[in-house]
Amino acid sequence: MALKTITWMSAFLCVAQVCSMPMPCQLQGQLVRITHNLLRDMGGNFPLECLQENVFMAFPDTAFTSSGAPQLSSSGAKAIYETLKNIDTLFGADDLPTQWDQRKMENFLNIVYRQIEESKCMMGSVDTSDYLIRTEGLNTYFGNIAAVLKEKNFSYCAWEVVRKELLYTLQFILEHNSDSLLWANRT
């Protein structure tokens, strides 16, 4: 009986220790990479029939760069968080393309939502010195993307333009800002 009680108490203490460990408030790099890959794979290459509807949108790379410091500032990491929120907003439309792999799109949206929910805590303290400038650039960029969708009546080709832009954005984050993301067992 005493052995059984000690075993249960040990198990309980182990679970309590694991559950009480602080969770880092940081975006997970592997999930950002998976998000990029799902978006890339859900629709294939940019369709030839959409080339005429392809438009140039100036990418706000300054929203993700930091002056002089090799690591991204806290407001830069928050720019990545804001990017994910904007992606979630874009895909909140009812007129999503049916030509894309629906399972991959659902996984993509779930991971974007998960990243947003798990990283809300990073918005508690905002370094306002450059955060507003970064946010303004992102709002303009995503406002332009949303305008293209509306202007083209949420057509399949408009969504392909959106997908192309978001792929570029996520790739930029992975290539230039990976130090601001949490990577498990990174080698």
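**A disulfide, a nonpolar core and a buried arginine**

C50 and C157 are joined in a disulfide, with 2.1 Å between their sulfur atoms. The structure described here is a predicted model, and a search through the whole of it turns up one disulfide. The torsion about the S-S bond of C50 and C157 is about -75°, so this disulfide is left-handed. As for where the two partners sit, C50 belongs to the loop between helix 2 (29–41) and helix 3 (74–90), while C157 belongs to helix 6 (residues 156–176), so the pair ties together parts that lie 107 residues apart in sequence. Both cysteines, C50 and C157, are buried.

The surroundings of C157 can be followed a little further. This cysteine, a helix 6 residue, has a relative accessibility of 9%, and because the cut-off for a buried residue is under 20%, C157 counts as buried. When neighbours within four places in sequence are left aside, the residues in contact with C157 are E49, C50 and E53. L48 offers another view of this part of the fold: L48 and C157 are separated by 109 residues in sequence, yet their C-alpha atoms are 9.7 Å apart in space.

Attention now turns to the nonpolar interior. In soluble globular proteins, nonpolar side chains tend to be buried together. In this model, the largest nonpolar core holds 42 residues, and the members that touch the most others are F64, I87 and F91. At least two residues of this core come from each of helix 2, helix 3, helix 4 (102–118), helix 5 (128–151) and helix 6. Helix 6 makes the greatest contribution to the core, supplying ten residues.

F91 gives a good idea of how such contacts are distributed. Not counting residues up to four places away in sequence, F91 touches L39, L96, W100, M105, F108, L109, W159 and L166. Among these partners, L39 falls within helix 2 (29–41), and M105, F108 and L109 fall within helix 4 (102–118). W159 and L166, also touched by F91, fall within helix 6 (residues 156–176), the helix that gives the most to the core.

A charged residue completes the picture. Which backbone oxygen does the side chain of R134 reach? The side chain of R134, a residue of helix 5, reaches the backbone oxygen of A63 at 2.7 Å. R134 has a relative accessibility of 4%, and so it counts as buried.

Definitions and conventions
Residues numbered from 1 in each chain as written. Predicted model: local features only at pLDDT ≥ 70, side-chain atom pairs only at ≥ 80, totals over all residues. Heavy atoms only, no water. Disulfide = S-S within 2.5 Å. Helix = DSSP H or I, 4+ residues; strand = E, 2+ residues; numbered from the N terminus. Buried < 20%, exposed > 50% of the residue type's maximum accessible area, 1.4 Å probe, protein only. Core = buried A, V, L, I, M, F, W, Y, C linked by side-chain atoms within 4.5 Å. Contact = heavy atoms within 4.5 Å. Polar contact = N/O pair within 3.5 Å; in protein donor to acceptor, adjacent residues only side chain to side chain.
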